[in-house]
Amino acid sequence: MYIDHFRCFSDNREADDSKIVGGTTANERIPYQISLQVLVSSFFGFGPKRWMHNCGGSIVNEYYVVTAAHCLDGMDINRMSIVAGTNDLRNDSSKGTRYFLESYMIHPDYIELNRSDIGVMRVKEAFTFNENVQPIRYSSDFVGGGVTCLLTGWGYTMPIRVGSTPKDLQEAELTTITNDQCRERGMPVNPTEICTFTRVGQGACGGDSGGPLVCNNQLSGVVSYGTRYCGIGVPDVYTRVSEFDSWIQENTQTSGSSSDTPPAGESQPA
């Protein structure tokens, strides 16, 4: 079974626009949800540059966003930005507000498709909180099986990651399963991960990476990986936020000015 991340870009950094498999358009505001975007050249590298959605993320305070480490690994911070405050990514995400990154940090124990797939990003200018932009509390509570949670994102709509769809934020109610059940269904998860499976034809897909799985109104999971084909009856895997709540707290401090020196291991513009 081929296991892959749920980011939108492939290794050549091209992108597609789409949504959660089996989801519905989110009619309510999801004020903590952001779109992590990358500046790319259109028309196979020969056209004008434009911002393209790559991953999701969750605002946790006035300067920081939690996302997946694989959404940040090897990325040029000068080609990255965050759009907050909108469910609609049409027209260069003009309905939201674009924020540029000062730095990002990947968890030091991160190993791709294996463990600690979590990272944090700091924006240069503080988020302006209003009815469209709000932080979410991240959970220190262990979430077991049988819990109904909300997944949101702009990931692919079809099992095969091709094509494009309207740029409306999608949502799906998903049910967690125990890690033992997840392993029985073929996913080699560890205790720092959490799985969902509700039905065939529903789940996360490319473009949902880094986005929020919210259980009991708290950020409980960060979209990490699944199979190459989405929603085909195999669980989706998320980073279990409760295992990293102390690390998040330590690395999202907002004291001091935005010009403070980032912690060791944090990437910043050249």
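Start with residues 10-19, where pLDDT, the predictor's confidence in each residue, stays under 50. This is a predicted model, and for this stretch it has 32 contacts beyond four places in sequence. There is a second stretch to treat in a similar spirit: over residues 257-270 the pLDDT is below 50. Beyond near neighbours in sequence, residues 257-270 have 27 contacts in the model. So what should you do with those contacts? Where pLDDT is low, the predicted coordinates should not be read in detail. For the protein overall, the mean pLDDT is 86, and 83% of the residues reach 70 or more.

Now let's look at charged side chains. How many salt bridges does the structure hold? The count is 7. A handy one to begin with joins R90 and D88, whose side chains come together at 3.0 Å, N to O. That sits inside the cut-off, because a salt bridge needs the nitrogen and the carboxyl oxygen to be within 4 Å. D88 has another partner too: its side chain meets that of K95 in a salt bridge at 3.1 Å.

Are these three residues buried or exposed? D88 is buried, because its relative accessible area is 10% and buried means under 20%. K95 is exposed, because it reaches 59% and exposed means over 50%. R90 has 34% relative accessibility, so it counts as partly exposed. In other words, D88 is a buried residue whose side chain makes salt bridges with partly exposed R90 and with exposed K95.

Next, move along to helix α3, which covers residues 179-184. R183 and D180 both lie in this helix, and their positions are 3 residues apart, about one turn of the helix. Their side chains form a salt bridge with an N to O distance of 2.7 Å. How accessible are the two ends of this bridge? R183 has a relative accessible area of 38%, so it is partly exposed. D180, at 48%, counts as partly exposed as well. Back among the earlier residues, salt bridges that share partners link D88, R90, K95 and D168 into one network. D88 shows you how the sharing works, with one bridge to R90 and one to K95.

Stay in that part of the chain and you'll meet helix α2, residues 90-93. Two of its residues have a backbone angle worth a second look. D92, placed in helix α2, has a phi near 60°, a positive value in a residue other than glycine. S93 is also in helix α2, and its phi is positive at about 55° although it is not a glycine. Why point these out? Because most residues other than glycine have a negative phi. Surroundings separate the pair: D92 is partly exposed, with a relative accessible area of 48%, whereas S93 is buried at 5%.

Then there is the loop between β8 (119-123) and β9 (148-153), where you'll find Q134. E125 has its place in the loop between β8 and β9 too. Which residue gives both of them a reference point elsewhere in the chain? Try E62. Q134 and E62 are 72 residues apart along the chain, and their C-alpha atoms are separated by 8.6 Å. For E125 and E62 the separation is 63 residues in sequence and 8.8 Å in space, C-alpha to C-alpha.

The contacts fill in the picture. Leaving aside neighbours within four places in sequence, Q134 is in contact with P31, Y32, I59 and F129. E125, with residues up to four places away not counted, touches Y63 and Y99. Q134 has 32% relative accessibility, so it counts as partly exposed. E125 is at 61%, so it counts as exposed.

Finally, let's look for empty space inside. How many cavities of 30 Å³ or more are there? The count comes to 1, and the largest cavity has a volume of about 30 Å³. It is lined by 10 residues, and the closest to its centre are T227, Y229, G231, V234 and D236. What kinds of residue make up the lining of the largest cavity? They divide into 7 nonpolar, 2 polar and 1 charged.

Methods
Residues numbered from 1 in each chain as written. Predicted model: local features only at pLDDT ≥ 70, side-chain atom pairs only at ≥ 80, totals over all residues. Heavy atoms only, no water. Buried < 20%, exposed > 50% of the residue type's maximum accessible area, 1.4 Å probe, protein only. Helix = DSSP H or I, 4+ residues; strand = E, 2+ residues; numbered from the N terminus. 1 Å grid on protein atoms, 1.4 Å probe; cavity = no way out; pocket = protein on both sides within 12 Å on 5 of 7 lines; lining within 4 Å. Points joined across faces, edges and corners; volume = space filled by probe spheres on them. Nonpolar A, V, L, I, M, F, W, Y, C, P; charged D, E, K, R; others polar. pLDDT = per-residue confidence, 0-100. Contact = heavy atoms within 4.5 Å.
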